[in-house]
Amino acid sequence: MLLLIGLFIGLILGLTGAGGSVFAVPLLLLLGGMSMADATGISLGAVAATTIYASLRNSVSRKQVPLLWEPGLILALSGALTAPLGKWLGMQLDELWLVSGFSLLAAIIALRMWMSARNNPQAASVVRAGNFAATPSPDHLCNLNPTGQFELRPRCVTGLLIGGLVVGLLSGLFGVGGGFLIVPLLLALSAVSMAQAVSTSLFIIALISSSGFISHVALSENQHWNWLLLVAAGGLVGMMIGQAVSHKIANVWLQKLFAIGLLAVALITLARYL
């Protein structure tokens with residue numbers, strides 16, 4: 001079952017541009033029989049392993065990958081700082097409150113996925129398992145700067161820092177990757193394409209999720225490495241399958257189907273704890 005859950009998580013991660021990792025926690029709760037604390041930790045570890053693989057694949061197999069290193073690193077490093085805080089905070093909260101907060105977050109992400117598919121159907125075909133080699137590098141990296149260039153000045157950095165801190169906190173608290181905030185934040189602050197934002201989100205999620213998982217290992221008394229290995233192995237295979245089929249099936253209807261499925265899973269998870 002854990003292998004199948006990992007397979008499904010990896011496939012969804014590969015076939016969505018943002019928000020796919022949020023499926024991990026409810027599946028581990030409902031089908032894996034885990035506690036919320038274990039589910040968030042295993043989710044972070046599996047998402048980290050899958051996105052690290054996808055990032056390495058992008059950098060090795062393509063000559064030109066449009067990664068936005070400067071804004072991406074600011075988001076990643078600031079998020080990595082607060083992910084352990086989010087994990088610690090989650091361990092202090094009652095599980096019902098934590099599940100309720102997660103279900104609310106999942107419902108918001110599902111609504112955003114649906115609205116994005118309806119309002120911007122072209123973006124639905126841009127997924128993490130896609131091919132970004134033909135995407136040109138951006139010339140305009142900071143909408144907050146008159147010159148359009150990215151500079152280490154307050155107006156260009158503040159938004160990224162705040163966004164990274166929030167993403168890291170939510171990632172550690174709920175075991176999510178954070179792509180649902182990272183991608184729209186990059187699109188809002190920079191004049192970049194959806195493909196560039198999705199590609200850059202991979203290494204950001206990898207670093208933030210790794211930080212959250214390390215804090216889970218440090219704070220948890222019981223280490224379930226066998227669980228992680230099964231879910232992560234399934235996730236890697238799922239991402240590989242996503243790479244093979246993404247250009248054929250990634251479309252608006254698939255994005256809407258994911259949104260409906262996520263909302264249903266969130267409601268079922270919440271109902272189980274009420």
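These are my notebook entries on a predicted model of one protein chain.

**Entry 1: confidence**

I started with the predictor's confidence. The mean pLDDT of the protein chain is 80. I noted that 80% of its residues reach 70 or more. Then I went element by element. Helix α4, residues 69-92, has the highest mean pLDDT, at 90. The lowest belongs to helix α7, residues 179-189, with a mean of 78. I kept a general caution in mind: where pLDDT is low, the predicted coordinates should not be read in detail.

**Entry 2: overall make-up**

Next I looked at the elements. I found 10 helices and zero strands in the protein chain. Read from the N terminus, the order is α-α-α-α-α-α-α-α-α-α. The chain has 274 residues, and 54% of them count as buried. I also checked how contacts are spread along the sequence. I took those between residues at least 6 apart, and 83% of them join residues at least 24 apart.

**Entry 3: the core**

Which residues touch the most other members of the largest nonpolar core? I looked them up: Leu28, Phe102, Phe174, Ile182, Ile204 and Leu262, out of 64 residues in that core. Helix α8, residues 194-219, gives the largest share, with nine residues.

I followed Leu262 further. I left aside its neighbours within four places in sequence. Leu262 is then in contact with Val22, Phe23, Ala106, Ile109, Ala110 and Met113.

**Entry 4: α5 against α10**

I turned to helix pairs. Helix α5 spans residues 95-119 and helix α10 spans residues 252-273. Their axes are 8 Å apart, and the packing angle is about 165°. Angles over 145 degrees count as roughly antiparallel, so α5 is roughly antiparallel to α10. The crossing of α5 and α10 is left-handed.

I picked Ala271 in helix α10 for a closer look. Ala271 counts as partly exposed because its relative accessibility is 48%, between the limits of 20% and 50%. I then took the distance from Ala271 to Ser100. The two are 171 residues apart in sequence, yet 9.5 Å apart in space, C-alpha to C-alpha.

**Entry 5: α4 against α8**

How do the axes of α4 and α8 cross? They come within 8 Å and cross at roughly 25°. That angle makes α4 roughly parallel to α8. I recorded a right-handed crossing where α4 passes α8.

**Entry 6: α7 against α8**

I stayed with α8 and checked its meeting with α7. The axes of α7 and α8 come within 9 Å, crossing at roughly 135°. This makes α7 oblique to α8. The crossing of α7 and α8 is right-handed.

I listed the residues that meet. From α7 they are Gly179, Ile182, Val183, Leu186 and Leu187. From α8 they are Met194, Ala197, Val198, Thr200, Ser201, Ile204, Ile205 and Ile208. Ile182 and Ile204 had already come up in my core entry. I noted again that α7 has the lowest mean pLDDT among the elements.

**Entry 7: Thr40**

Is Thr40 buried or exposed? Thr40 has a relative accessible area of 1%, so it is buried. I placed Thr40 in helix α3, residues 36-61. I did not count residues up to four places away in sequence. Thr40 then touches Val25, Lys87, Leu173, Phe174 and Gly175. Phe174 is one of the core residues I listed earlier.

**Entry 8: Ser171**

Ser171 is in helix α6, residues 154-174. I found Ser171 buried, because its relative accessibility is 0%. Leaving aside neighbours within four places in sequence, I listed its contacts as Leu44, Val176, Gly177, Ile208 and Ser209. I also took one distance. The C-alpha atoms of Ser171 and Thr82 are separated by 8.7 Å. Along the chain, Ser171 and Thr82 are 89 residues apart.

**Entry 9: Trp225**

I closed with Trp225 in helix α9, residues 225-249. Its relative accessibility is 45%, so Trp225 counts as partly exposed. Beyond its neighbours within four places in sequence, Trp225 is in contact with Phe213 and Val217. I looked up Ile42 as well. Trp225 and Ile42 are 183 residues apart along the chain, with their C-alpha atoms separated by 8.8 Å.

Notes
Residues are numbered from 1 along each chain as its sequence is written. This is a predicted model: local features need pLDDT of at least 70, side-chain atom pairs count only at pLDDT 80 or more; totals for chains, interfaces and linings use all residues. Side-chain values use heavy atoms; hydrogens and water are left out. pLDDT is the predictor's confidence in each residue, from 0 to 100. Helices (H or I, at least four residues) and strands (E, at least two) are DSSP runs, numbered from the N terminus. A nonpolar core is a set of buried Ala, Val, Leu, Ile, Met, Phe, Trp, Tyr and Cys residues joined through side-chain atoms within 4.5 Å. Buried means under 20% relative accessible area, exposed over 50%, partly exposed in between (1.4 Å probe, protein chains only). Contact means heavy atoms within 4.5 Å. Axes are lines fitted to C-alpha atoms, for helices over the stretch in contact, and angles run from 0 to 180 degrees between N-to-C directions. Angles under 35 degrees count as roughly parallel, over 145 as roughly antiparallel, 65 to 115 as roughly perpendicular and the rest as oblique. A crossing is left-handed if the near helix is turned anticlockwise from the far one by less than a right angle, and right-handed if clockwise.
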